[in-house]
Amino acid sequence: MPTRDDLIADLHGLLGERGVVTDAEAMARYRTDWTGRVGGMPLAVVRPASTAEVAEVVSYCHRNDVPLVPQGGHSGLVCGAMPDEEIAELVVSLERLASIRELDPINFTLSADAGCVLQTLKEAAEAAECYLPLSLGAQGSCQIGGNVATNAGGLNVLRYGMTRQLVLGLEVVLPDGRIYSGMRALHKNNTGYDLKQLFIGAEGTLGIVTGVVLKLFPRPQVTRTALLGCRDIAAVLELYALARRCCCDLLTAFELIPRRCLELAMEASPDLRDPLDAPHPTYVLLEVSASGPADLDTMIETLFERGMEQELLDDGVLAASETQAQQLWLIREAMLEGQRRTGEHLRTDISLPISSLPAFHEQATRAVLDACRDATVIAYGHIGDGNLHFNILPPPATPDSDKPALLHELETILFDLVATFDGSISAEHGIGRLKQAPFLEHLSAPEFELMRGLKHLLDPRGLVAPGRILPAPSP
Ligand SMILES: Cc1cc2nc3c(=O)[nH]c(=O)nc-3n(C[C@H](O)[C@H](O)[C@H](O)COP(=O)(O)OP(=O)(O)OC[C@H]3O[C@@H](n4cnc5c(N)ncnc54)[C@H](O)[C@@H]3O)c2cc1C
């Protein structure tokens, strides 16, 4: 590996002054992410402005044994993009690789550089009367390359699938600097192994995504949003099955919001009012949409009637305007902020077969409270996808120094139970560095061997995103 001075001189030679950041103060924003944690000091930050420049940097790193980590919009929740604290890494930021390459409203496809911010792509699609359904709280800052790398899910998975289902083509700079060019806008392509799938959800460990071809849809013309009050999760899930049938499978979102989350939202956003007359143990925020003249009001009224008849819901409100719908969605956003304000707590992102959720919720809550009587469980999420953020707030009196050990103990209890239900410890956020230990603990030997073999095939020196998902190679 070259000395830092030589490295920086070489990088300047490859990318010019604008493409390299070396000053500690200027690098500070590349060391942190949404969680507020701070990673190690990088060797430098590079900001290539084309795929060819990314390839030159990666090839240089491969030849000179320089570890690197790709970085998108810093909104990942498992510290994958954050520079390592022990081994100094080169941060490869995609922020200057941010052009839309082509939008084809007849093929319903959008082809873009990996550094494009998701919101920008959504707006571009909308301007062409199309719809890019990937929607998440971080869409104003996350990049499409980061979404591909984490196989992001979000609010519309129920109807449109995860990022994986939206990707038709990819361009990836491989760990040795070669470029895999798969930017084809084909809706069908059955020629050999579907290589792009390898890189989706690989969290940058198999290469750097530089371009993406996405599938678009007709823009929704009518949307209805409702908030329903229910007695418990079992009722919510029966309501979910009913909603899918009553709403002609036009359901786009079905979110579980327990009462405590609504309270946290109201604390974080004092303009929010309790949306129903009386409090309910749990709520569902649902959205139905159609790209043509569908009678959504009748569908939702039918759902209300049948849900009441079957005693699955106790009360509900249908947003009468766009503003009211936004107010209901604000609950979903503000509760995250409210939760963040509670301080250090356990955040999880598990998934289970949908029908197991009531039993899991009951057993997991009991197990957590048996281990820590005064902890608070808040379990919310994209319940229509079987995805639960089963989060745990430690008792308020817990000294800060005791929290990590307590939260680790509770996480172990929870993840062991997830395994007995044949669930997954990450539905959306991935493994990164934060979830590596429990991930490896529950991985079978054949799965581990296959994953390690793939990593070794593509990155034999283990220089790209080392220590993310799989352990870093020993020195
Ligand atoms: C408020 C909030 C809400 C969220 N909601 C959701 C949600 O509903 N659903 C969901 O799935 N996720 C959600 N997330 C997390 C989600 O994973 C990220 O928001 C997003 O997908 C990451 O994109 P990013 O550009 O910020 O990537 P970063 O955070 O910069 O990086 C994430 C990972 O991808 C790698 N990476 C980044 N860019 C590339 C690239 N071009 N090539 C290869 N590897 C790359 C990094 O090395 C890292 O491992 C949320 C996050 C926040 C803060």
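**A tour from the ligand to the cores**

Select Gln143 and the ligand: a backbone N or O atom of Gln143 lies 2.8 Å from an oxygen atom of the ligand. The model on screen is a predicted one.

Remain at the ligand and display its surroundings. In total, 34 residues surround it, and the closest are Pro70, Gly73, Ser75, Gly76 and Glu428. Two of these merit individual inspection. At Gly76, a polar backbone atom is 2.7 Å from an oxygen atom of the ligand. At Glu428, the contact is made by the side chain, of which a polar atom lies 2.7 Å from a nitrogen atom of the ligand.

Next, select the largest nonpolar core, which has 56 residues. Leu239, Phe254, Leu286, Phe360, Ile383, Leu388 and Phe390 are the residues with the most contacts inside this core. To see where the core comes from, colour the elements that each supply at least two of its residues: the strands β12 (222–230), β13 (251–258), β14 (282–290) and β18 (387–393), together with the helices α9 (233–246), α11 (296–309), α13 (357–371) and α14 (403–420). The largest share, eight residues, comes from α9.

Centre the view on Leu239. Leaving aside residues up to four places away in sequence, Leu239 touches Leu228, Cys230, Phe254, Leu303, Gly307, Leu312 and Leu313. A second core, separate from the one just visited, contains 32 residues, including Ala125, Cys130, Leu170 and Tyr180.

Now isolate α11. This helix has 14 residues and reaches 20 Å from its first C-alpha to its last, close to the 20 Å expected at 1.5 Å a residue. Which residues of α11 are buried? Select Leu296, Met299, Ile300, Leu303, Phe304 and Gly307. These residues lie on the same side of α11 because they cover an arc of only 140° around the axis. Rotate to the face turned away from that buried side, where the exposed residues Glu305 and Glu309 are found. Then restore the neighbouring elements: what covers the buried residues of α11 includes β12, α9, β14 and β15 (315–318). Beyond the end of α11, select Glu311, which follows the helix and has a positive phi, near 55°.

For the last stop, select Glu25, placed in helix α2 (residues 24–27). Is Glu25 buried or exposed? With a relative accessible area of 71%, Glu25 is exposed, since the threshold for that class is over 50%. Finally, draw a distance from the C-alpha atom of Glu25 to that of Ser291: the two residues are 266 residues apart along the chain, and these atoms are separated by 48 Å.

Note on methods. Residues are numbered from 1 along each chain as its sequence is written. This is a predicted model: local features need pLDDT of at least 70, side-chain atom pairs count only at pLDDT 80 or more; totals for chains, interfaces and linings use all residues. Side-chain values use heavy atoms; hydrogens and water are left out. A nonpolar core is a set of buried Ala, Val, Leu, Ile, Met, Phe, Trp, Tyr and Cys residues joined through side-chain atoms within 4.5 Å. Buried means under 20% relative accessible area, exposed over 50%, partly exposed in between (1.4 Å probe, protein chains only). Helices (H or I, at least four residues) and strands (E, at least two) are DSSP runs, numbered from the N terminus. Contact means heavy atoms within 4.5 Å. The expected span of a helix is 1.5 Å times one less than its number of residues. The arc is that of the directions from the helix axis to the C-beta atoms. A residue is near a molecule or strand if one of its heavy atoms lies within 4 Å of it. A polar contact is a pair of N or O atoms within 3.5 Å; within protein, one must be able to donate a hydrogen and the other to accept it, and residues adjacent in sequence count only if both atoms are side-chain atoms.
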